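Trainee: I'm new to this one. Can we go through it together, with me asking how each label is earned?

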Amino acid sequence: MPSEVIAEKYRDTVVVAIEGNVTVGQIRGENKSELVLTPDATNPDKVGRVAIDKVVARSASVASPMPSNLLDPLTKDEILDLLAFLASDHGK
């Protein structure tokens with residue numbers, strides 16, 4: 001399960017604004033006026049912005065940004081091939 005162990009560099013932050021809006025993503029920047037988050041790790045150019053004076057709560061997400069069941073479409077042999085590739089010089 002991806003959410004069992006999440007490396008800090010991949011952990012998302014959950015930001016709740018006064019209006020009740022919730023933004024989840026990796027914090028890319030912060031200054032006196034706003035937080036800048038990337039809600040989709042596969043699209044780092046897309047960012048969300050939350051005004052600092054609107055933030056009522058901020059916490060580390062307990063859910064991994066990695067999709068669950070990612071290997072489900074693969075056969076056992078395909079998974080073994082993938083692991084062998086990752087363990088090889090080509091996977092580095």
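Mentor: Sure. Start with a term: a salt bridge is a side-chain nitrogen of Lys or Arg within 4 Å of a carboxyl oxygen of Asp or Glu. Keep in mind that this is a predicted model.

Trainee: Then what makes Glu30 and Arg58 a salt bridge?

Mentor: Their side chains meet at 3.1 Å, N to O. The cut-off is within 4 Å, so the pair counts. Glu30 lies in strand 2 and Arg58 in strand 5, 28 residues apart, so this pair links distant parts of the chain.

Trainee: Why is Glu30 called partly exposed?

Mentor: Its relative accessible area is 47%. Buried means under 20% and exposed over 50%, so a value in between is partly exposed. Arg58, with 40%, gets the label partly exposed too.

Trainee: How many salt bridges does a search of the whole structure find?

Mentor: It finds 2. Glu34 and Arg49 also meet in a salt bridge, at 2.9 Å, N to O. That pair links strand 3, where Glu34 is, to strand 4, where Arg49 is, and the two are 15 residues apart.

Trainee: And how do you know whether Arg49 is buried or exposed?

Mentor: Arg49 has 53% relative accessibility. Exposed starts over 50%, so Arg49 counts as exposed. Glu34 has 22%, so with buried meaning under 20%, Glu34 is partly exposed.

Trainee: What about Asp12: why does it have no salt bridge?

Mentor: The nearest side chain of opposite charge, Arg28, is 7.3 Å away. A salt bridge needs within 4 Å, so Asp12 has none, though it is buried. The side chain of Asp12 does reach the backbone nitrogen of Gln26 at 3.5 Å. Asp12 sits in the segment before strand 1.

Trainee: On to strand 1, then. What makes strand 1 and strand 2 a pair?

Mentor: They share 4 bridges, in the antiparallel sense. Pairing takes at least two bridges, so they qualify. Strand 1 also pairs with strand 5 in the antiparallel sense, over 5 bridges.

Trainee: Which residues are the bridge partners of Val14?

Mentor: In strand 2 the partner is Val24, and in strand 5 it is Ser59.

Trainee: How do the side chains along strand 1 point?

Mentor: They alternate: Thr13, Val15 and Ala17 point to one face and are buried, while Val14 and Val16 point to the other and are not. In a regular strand, side chains alternate between the two faces of the sheet.

Note on methods. Residues are numbered from 1 along each chain as its sequence is written. This is a predicted model: local features need pLDDT of at least 70, side-chain atom pairs count only at pLDDT 80 or more; totals for chains, interfaces and linings use all residues. Side-chain values use heavy atoms; hydrogens and water are left out. Buried means under 20% relative accessible area, exposed over 50%, partly exposed in between (1.4 Å probe, protein chains only). Lys and Arg count as positive and Asp and Glu as negative; His and the chain ends are not counted. A polar contact is a pair of N or O atoms within 3.5 Å; within protein, one must be able to donate a hydrogen and the other to accept it, and residues adjacent in sequence count only if both atoms are side-chain atoms.
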